[in-house]
Amino acid sequence: MGFWEAIIIGIALYAGLNSIAEAFDNIAVGIEQAGIHVAAAIEDPVEEEEEG
């Protein structure tokens, strides 16, 4: 394997690993936002209006 082939493979691996890390980060942000939404719903329940 030549020098340039090794460089290209290294760049491809780096880009692939960064993409995987970004995907996991997006999943973590989604879970965090869902948790915030659930916590807000538990903390401030929607009050039902009384009809009168």
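**Notebook: aromatic pair, N terminus and surface**

I searched for paired aromatic rings and counted one aromatic pair by the rule I applied. The pair consists of F3 and W4, whose rings meet edge-to-face, with 5.1 Å centre to centre and 75° between the planes. I then looked up how F3 and W4 stand towards the surface, and F3 and W4 are both exposed. I note here that the model is predicted.

Next I looked up the fold. I found one helix and zero strands in the protein. The helix, α1, covers residues 3-43.

I turned to the segment before α1, where M1 is found. The relative accessible area of M1 is 80%. M1 therefore counts as exposed, since its value of 80% lies over the 50% cut-off. I also looked up the contacts of M1, leaving aside its neighbours within four places in sequence, and recorded A6 and I9.

I then examined the surface as a whole. The protein exposes about 5,100 Å², and carbon and sulfur atoms supply 65% of that area. Of the 52 residues in the protein, 0% are buried.

I looked for a nonpolar patch on the surface and found one formed by L17, I20, F24, I27 and I31. Together these residues have about 560 Å² of accessible area.

From this patch I took I31 for a separate entry. I31 lies in helix α1. Is I31 buried or exposed? I31 has a relative accessible area of 59%, and because exposed means over 50%, I31 is entered as exposed.

Note on methods. Residues numbered from 1 in each chain as written. Predicted model: local features only at pLDDT ≥ 70, side-chain atom pairs only at ≥ 80, totals over all residues. Heavy atoms only, no water. Helix = DSSP H or I, 4+ residues; strand = E, 2+ residues; numbered from the N terminus. Buried < 20%, exposed > 50% of the residue type's maximum accessible area, 1.4 Å probe, protein only. Areas by Shrake-Rupley, 256 points an atom, 1.4 Å probe, with all protein chains shown as cover. Patch = residues over 30% accessible without salt bridge, like charges linked within 9 Å, V, L, I, M, F, W, Y side chains within 5 Å. Salt bridge = Lys/Arg side-chain N within 4 Å of Asp/Glu carboxyl O. Phe/Tyr/Trp six-rings, centres within 6.5 Å; stacked < 30°, edge-to-face > 60°. Contact = heavy atoms within 4.5 Å.
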